[in-house]
Each structure stands twice: as structure tokens, then as C-alpha cells.
Amino acid sequence: MDRYLIKLRAANPTLNEGLKFARYLDEAAEGFFHFMLGNHSEEIIATAFAQPEHDLSFQNVTFAEYDNDIVGMVSGYTAAQHRCSSKQPLKEAAGKNNFRMSIVMVVFAPLMRIIDSISDGDFYLQAVAVDKERRGDGVGSVLMDHIEGRAREAGSTRLSLDVSAKNTGACRFYQGRGMSITSQWPKHIPIPGLRLYRMTKEV
């Protein structure tokens, strides 16, 4: 694939694009959103996606297209945007599944606090995902170039993200982009199968 033929565009607040975003988001999060929201997670996220001023909003999402087909996406926001972000759109979209989401948020409260702790001056990379058949074609690099540019345009001094330690492919990709591990969770008491790296890069 010629990376110069990869086109980037802002997401639109439509159901179809919301569903596409939801699939990419859950894949990047290794199924966490499906676990948190249940079998209707994609529809719930797609409904919230169409609303402004929250972390999962279309406003934070850029799609990559090749030959008029969406082949990847990236989403992110500044620390200031995150602090002002409302959780109401997702709660309303979840409806009866809001109880399940609340339980998961309580059980995983320490983890959620880590993810919510975005330092002043950081631009947080929420998710980047590429269609499996397009991996290795440069789409991920184009999306990362874009998000780093967005970070600089927003006046951020650092790009940050969280990634599962067991996702070795993603860790290698981010390290290849010049990102390094600056902290990990849990710090002292290991939890089998669960370790999260915070990776950062000056921009």
C-alpha cells in the first residue's frame, strides 16, 4: 500500500461511523468495553459517539481511508479536554446496562484512576487501531504522525498512552515510535495477567 494514498478525515456523528469506532475501540482495549457494557456494547458506544464533549465523542476521532474504505482510526484528547469531559452521554446510552458498567467501574476503580490521571500538558492517545489485513502497510504510522501533530497543535508537550504489558506487538510499535515506559500498574503487588504500562513521548 502506498502510504501517500492513505487519506485522513475527521469522524462524522453517524451511527455507522459510531459502530466502526466502537469495534476499533474495543479491539484496542482488548475487549474491555464489551466486558463493561455487555453484548450491546457497540450500539451503546455508537450512540454516545454522536454526542459532543466527552472522551468517546466523534470530535476526538480521526479515520484513515484507503480507496474510500475506512481502514483504521485514532482517538485522543488533551488533559484539559478530559477533565471537562462528561460521562453522561455514555451513561444515557448504556440505559439498563449502566448498572453493569457501574459495577465494573467499582471493581476496576484503581485501574480507572490510573487511566484518568493525565498530566497537565499531555495529549492522551486513547486508541489507535488498524484493520488486520492492513497492518504492516503503514496505516498505523500515518495515524501516529497525525495524532502527534494534533498534540503539538493543541499546545501539548507530551504524548501519553496506556497499553497492556501482554500486548507485546503494540508495545514494540510504540517503542519504535520513540515512546518509552514511564510507569506501570500495579507497582508493587502483581496481579496475574494484568499489568498496564504508561508510555510517553515528548512532542
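Q: Where along the chain is Asn 97 found?
A: Asn 97 is found in the loop between helix H5 (88–94) and helix H6 (98–107), where helices (H or I, at least four residues) and strands (E, at least two) are DSSP runs numbered from the N terminus. This is a predicted model, in which local features need pLDDT of at least 70 and side-chain atom pairs count only at pLDDT 80 or more, whereas totals for chains, interfaces and linings use all residues. Residues are numbered from 1 along each chain as its sequence is written, and side-chain values use heavy atoms, with hydrogens and water left out.

Q: Why does Asn 97 count as buried?
A: Its relative accessibility is 17%, and buried means under 20% relative accessible area (exposed is over 50%, partly exposed in between, with a 1.4 Å probe and protein chains only), so Asn 97 counts as buried.

Q: Which residues is Asn 97 in contact with, leaving aside its neighbours within four places in sequence?
A: With those neighbours left aside, Asn 97 is in contact (heavy atoms within 4.5 Å) with Leu 37 and Ile 44. Asn 97 and Leu 37 are 60 residues apart in sequence, yet their C-alpha atoms are 6.1 Å apart in space.

Q: What makes His 54 a buried residue, and where is its place?
A: His 54 has a relative accessible area of 4%, and is therefore buried; its place is in the loop between H3 and E2. Ser 57 is in the loop between helix H3 (41–49) and strand E2 (61–66), and is buried because its relative accessible area is 0%.

Q: Which backbone oxygens lie at 2.6 Å and 3.0 Å from a polar atom of the side chain of His 54?
A: The backbone oxygen of Ala 48 lies at 2.6 Å, and that of Gln 51 at 3.0 Å. A polar contact is a pair of N or O atoms within 3.5 Å; within protein, one must be able to donate a hydrogen and the other to accept it, and residues adjacent in sequence count only if both atoms are side-chain atoms. Beyond four places in sequence, the residues in contact with His 54 include Phe 49, Asn 60 and Pro 89.

Q: Why is E2 described as largely enclosed by the rest of the structure?
A: Five of the six residues of E2 are buried, so this strand is largely enclosed by the rest of the structure.

Q: How do you know that E2 pairs with E1 and E3?
A: Strands pair if DSSP finds at least two bridges between them, and strand E1 (residues 7–10) and E2 have four, in the antiparallel sense, with Lys 7 opposite Glu 65 in E2. Six bridges join E2 to E3, which also run antiparallel, and Ser 75 in E3 is the bridge partner of Val 61. E2 and E3 form a hairpin with two residues between them, and Asp 67 in the turn has a positive phi of about 55 degrees.

Q: How do you know that the span of helix H8 agrees with its number of residues?
A: The expected span is 1.5 Å times one less than the number of residues, so the 15 residues of H8 (residues 139–153) should span 21 Å, and the end C-alpha atoms are indeed 21 Å apart. Among the buried residues of H8 are Val 139, Met 144 and Ile 147, and H8 is followed by Gly 155, whose phi is positive, near 85 degrees.
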